[in-house]
Every structure is written in C-alpha cells, then in structure tokens.
Amino acid sequence: MSLRDVLNKSKKEKKKAQAIDTAKKVGVGLGVGAAVGAAAGVLLAPKAGEETRKDIADAAKNAAQSVKEGAGEVGEKISKIVEEGKEKIANLKKDKEADEEVAAGGDKCCDDHESCCGGCSEAEEPKMGSCCED
C-alpha cells in the first residue's frame with residue numbers, strides 16, 4: 001500500500017465520519033423542533049389560555065392519579081406474594097424440623113405422652129404406629 005492510498009483512505013474515513021456527525025445533528029434538530037412545535041401548538045391553540053392551562057393541569061393530575069393507582073395495585077400484589085412466601089417458608093421449616101426429628105429417632109409429641117397418644121404411659125403397651133412406640 002502506497003502513501004497515496006493511505007491518504008485517500010484517511011480522507012474517505014473523515015468524510016464518512018463528518019457525514020455521520022451531520023446526520024446526528026440533523027436528527028437531534030428534528031427531534032427538538034418537533035417537541036417545540038408540539039408545545040407551541042398546544043399553547044397557541046384556539047382555546048383560551050386559561051382553558052389550555054386547565055387542560056394541561058387536568059392531564060397532569062390524571063397521569064399522577066394513574067401512577068398512584070398502579071403503584072397501589074402493585075404494592076398490594078407484592079404484599080400478597082410476600083405473605084404467601086412467608087407461609088411457604090414457615091411450612092417448609094416445620095416440615096424440615098419434623099423430618100429431622102423423625103430421622104433422629106424421635107417425634108416431637110413424644111415429650112408429652114398425654115397430648116399425642118391419648119394417655120399411654122410407660123407401663124402400657126403403645127398403640128401400633130403411635131408416637132409412644134420407641
């Protein structure tokens with residue numbers, strides 16, 4: 001590659017970069033112009049200024065109310081999901097504790113023979129499948 005080719009390639013890249021930069025500026029200008037035009041259209045509409053300001057204020061209030069309602073609904077749904085999650089976690093903990101007790105060879109209710117076995121005692125024969133069986 002000769003020096004001339006390198007210089008030509010460099011010039012082409014600069015022109016391309018300038019064209020892209022110009023396109024960006026035109027796009028930004030169009031966007032700003034559209035926003036200004038929309039605002040001017042609303043403000044210069046045939047309605048009275050007071051009526052236009054009222055319309056703008058009403059639209060802002062309606063938007064704020066919609067956001068509040070949406071946030072309230074989302075908050076309620078999140079609270080419900082959190083409560084359900086807490087219940088599931090509590091149930092899982094209970095199940096795990098019961099499984100650990102059974103694996104250890106005991107049962108929680110065996111601490112209180114009266115409440116779990118209907119009154120079986122050490123002297124009596126435990127009922128088949130009851131927690132009083134050792």
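Student: Is Asp95 buried, partly exposed or exposed?
Tutor: Let's start with where Asp95 sits in this predicted model: the residue lies in helix 2. Its relative accessibility is 46%. Buried would need a value under 20%, and exposed a value over 50%. With 46%, Asp95 therefore falls in between and counts as partly exposed.

Student: Which residues gather with Asp95 in a patch of negative charge?
Tutor: This patch is on the surface, and Asp95 brings to it a side chain in helix 2. The residues that gather there with Asp95 are Asp99, Glu100 and Glu101.

Student: How many helices and how many strands are in the chain?
Tutor: Reading from the N terminus on, the elements run α-α-α. That order fits a count of three helices and zero strands.

Student: Where is confidence lowest in the chain, and where is it highest?
Tutor: As a background, the chain averages a pLDDT of 75, and 77% of the residues score at least 70. Helix 3, residues 113-117, has the lowest confidence, at a mean of 53. The highest is found in helix 1, at 83.

Student: What share of the residues counts as buried?
Tutor: Good thing to ask about a chain that exposes about 11,500 Å², with carbon and sulfur atoms supplying 59% of that area. A residue must have under 20% relative accessible area to be called buried. Of the 134 residues, the share that counts as buried is 5%.

Student: How many salt bridges does a search of the whole structure find?
Tutor: One pairs Lys25 with Asp21. Another pairs Asp58 with Lys54. The search of the whole structure finds two.

Student: How far apart are the closest N and O atoms of Lys25 and Asp21?
Tutor: Both residues lie in helix 1, residues 3-43, and they are four residues apart, about one turn of the helix. Lys25 is exposed, at 56% relative accessible area, while Asp21 is partly exposed, at 38%. A salt bridge needs the nitrogen and the oxygen within 4 Å. The closest N and O atoms here meet that limit, being apart by 3.6 Å.

Student: What is the separation of Asp58 and Lys54 in helical turns?
Tutor: These two form a salt bridge, their closest N and O atoms being 3.5 Å apart. Asp58 is partly exposed, at 29% relative accessibility, and Lys54 is exposed, at 52%. Because they are four residues apart in helix 2, residues 49-103, their separation is about one helical turn.

Student: Is Leu44 buried or exposed?
Tutor: Leu44 has its place in the loop between helix 1 and helix 2. It has a relative accessible area of 71%. Since the cut-off for this class is over 50%, Leu44 is exposed.

Student: Which residues make the nonpolar surface patch of about 410 Å²?
Tutor: Leu44, the loop residue we just met, is one of its members. The patch is made by Leu44 together with Val42, Leu43 and Ile56.

Student: How far apart in space are Asp55 and Val42, C-alpha to C-alpha?
Tutor: Asp55 has its place in helix 2 and is partly exposed, with a relative accessible area of 31%. Val42 helps to make the nonpolar patch. Along the sequence, Asp55 and Val42 are 13 residues apart. In space, their C-alpha to C-alpha distance is 9.8 Å.

Notes: Residues are numbered from 1 along each chain as its sequence is written. This is a predicted model: local features need pLDDT of at least 70, side-chain atom pairs count only at pLDDT 80 or more; totals for chains, interfaces and linings use all residues. Side-chain values use heavy atoms; hydrogens and water are left out. A salt bridge is a side-chain nitrogen of Lys or Arg within 4 Å of a carboxyl oxygen of Asp or Glu. Helices (H or I, at least four residues) and strands (E, at least two) are DSSP runs, numbered from the N terminus. Buried means under 20% relative accessible area, exposed over 50%, partly exposed in between (1.4 Å probe, protein chains only). Accessible areas come from the Shrake-Rupley method with a 1.4 Å probe; for residues, only the protein chains shown count as cover. Patches are made of residues with over 30% relative accessible area and no salt bridge: like charges are joined within 9 Å, nonpolar side chains (Val, Leu, Ile, Met, Phe, Trp, Tyr) within 5 Å. pLDDT is the predictor's confidence in each residue, from 0 to 100. Lys and Arg count as positive and Asp and Glu as negative; His and the chain ends are not counted. The place of a charge is taken as NZ of Lys, CZ of Arg, CG of Asp or CD of Glu.
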